[in-house]
Amino acid sequence: MPVELLEGERETILSEVENTLQDKEKTRENLIPILQQVQKKLGYLPGLAMEKIGEALGIPAVDVFGLATFYDQFRLNPPGEHEIKVCMGTACYMTGGRIALDSFKRKLEINEGETTSDRKYSLERVACVGCCTMAPVVVVDERIEGHVTATRVDGLMLELQGEAGKEDHAEEEREEEQEGEEREEIQEEGEQEQ
Ligand code: FES
């Protein structure tokens, strides 16, 4: 399921698409290079971008979408704050890669290629990452995890959720500190006026 756009994201998408289209001739042959460039700028290919590109090139949106889903190089969902990649190369597949992938799907309640609605996690299957002796392998935010079992998936998720919890807490503390400073400033101003 596509994730909802964030505040202001619609405007960013429209302006990036417009800039890209300005640099390129609007022909069907240029569809892939245009999609590549927009994805490079936005980090993914939102439906709105595909729709606008299709309109500009005179190609039905459904055809643009079909082409983008055909090629692995295009991602239709934004990368999550934490990117989880499950290796599905032969060695990993044979030693339980599918079990690891299914465990993540269940935990995150998303499918491969999707991002959670809060954009915290995205899940992908990837080809051999070159550490077959550690199969099955999962890459979490560029960190390689080997011999991943369903129990290890639970552990990894707890670690990630713990980190996310700490980040949220730090953010709350920063906001509270800022609010406190603002209150003090207002109080001081009030005292000076009296
Ligand atoms: S097949 Fe997974 S690391 Fe090689």
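**Entry 1: lysine 26**

I looked up what lysine 26 touches in this predicted model. Leaving aside residues up to four places away in sequence, I find contacts of lysine 26 with Leu21, Ala56 and Leu57. Lysine 26 sits in the loop that joins α1 to α2 (31–42). Is lysine 26 buried or partly exposed? I count 14 C-beta neighbours inside 10 Å, so lysine 26 is partly exposed; being buried would take 20 or more. I also took one long distance: from lysine 26 to glycine 155 it is 49 Å, C-alpha to C-alpha, with their positions 129 residues apart in sequence.

**Entry 2: α1 against α3**

Next I checked the helix pair α1 (residues 9–23) and α3 (residues 47–57). Their axes come within 10 Å and cross at roughly 35°. I note the crossing as right-handed. On the α1 side the contact is made by Arg10, Ile13, Leu14, Val17 and Leu21, and on the α3 side by Leu48, Ala49, Lys52, Ile53 and Ala56. Sorted by type, the residues of this contact come to 8 nonpolar, 2 charged and no polar. Leu21 and Ala56 belong to this contact, and lysine 26 touches both of them.

**Entry 3: the sheet**

I then traced the strand order. The open sheet has 5 strands, ordered β2-β3-β1-β4-β5, with mixed pairing. Why do β2 and β5 each have one side without a neighbour in the sheet? Strands β2 (114–115) and β5 (143–145) are at the edges and have a single partner strand each, so one side of each is left free of a neighbour in the sheet. I also looked at what packs on the sheet: helix α6 (residues 97–108) touches β1 (82–87), β3 and β4 (138–140), and its direction makes about 150° with that of β1.

**Entry 4: pairing around β3**

I went through the partners of β3 one by one. β2 pairs with β3 (residues 121–126) in the antiparallel sense, over 2 bridges. For glutamate 114 I read leucine 123 as the bridge partner in β3, and for threonine 115 I read serine 122. The β2–β3 hairpin has 5 residues between its strands, and within this hairpin arginine 119 takes a positive phi near 65°. With β1 the sense is parallel: 6 bridges join β1 to β3. In this set I noted lysine 85, which stands opposite glutamate 124 in β3.

**Entry 5: the whole chain**

Last, I recorded the overall figures. I list 7 helices and 5 strands in the protein chain. Starting at the N terminus, the elements follow the pattern α-α-α-α-β-α-α-β-β-β-β-α. The radius of gyration is 22 Å, where a compact globule of 194 residues would have one near 16 Å. The C-alpha atoms fill a box of roughly 75 × 50 × 25 Å along the principal axes. Of the 194 residues, 22% count as buried. Among contacts with a separation of 6 or more, I find that 62% come from residues 24 or more positions apart.

Technical notes: Residues numbered from 1 in each chain as written. Predicted model: local features only at pLDDT ≥ 70, side-chain atom pairs only at ≥ 80, totals over all residues. Pairing = 2+ DSSP bridges. Helix = DSSP H or I, 4+ residues; strand = E, 2+ residues; numbered from the N terminus. Contact = placed C-beta atoms within 7 Å. Axes fitted to C-alpha atoms, helices over the stretch in contact; angles between N-to-C directions. Left-handed = near helix turned anticlockwise from the far one by under 90°. Nonpolar A, V, L, I, M, F, W, Y, C, P; charged D, E, K, R; others polar. Rg over C-alpha atoms; globule rule 2.2 N^0.38 Å. Buried ≥ 20, exposed ≤ 12 C-beta atoms within 10 Å, placed from the backbone.
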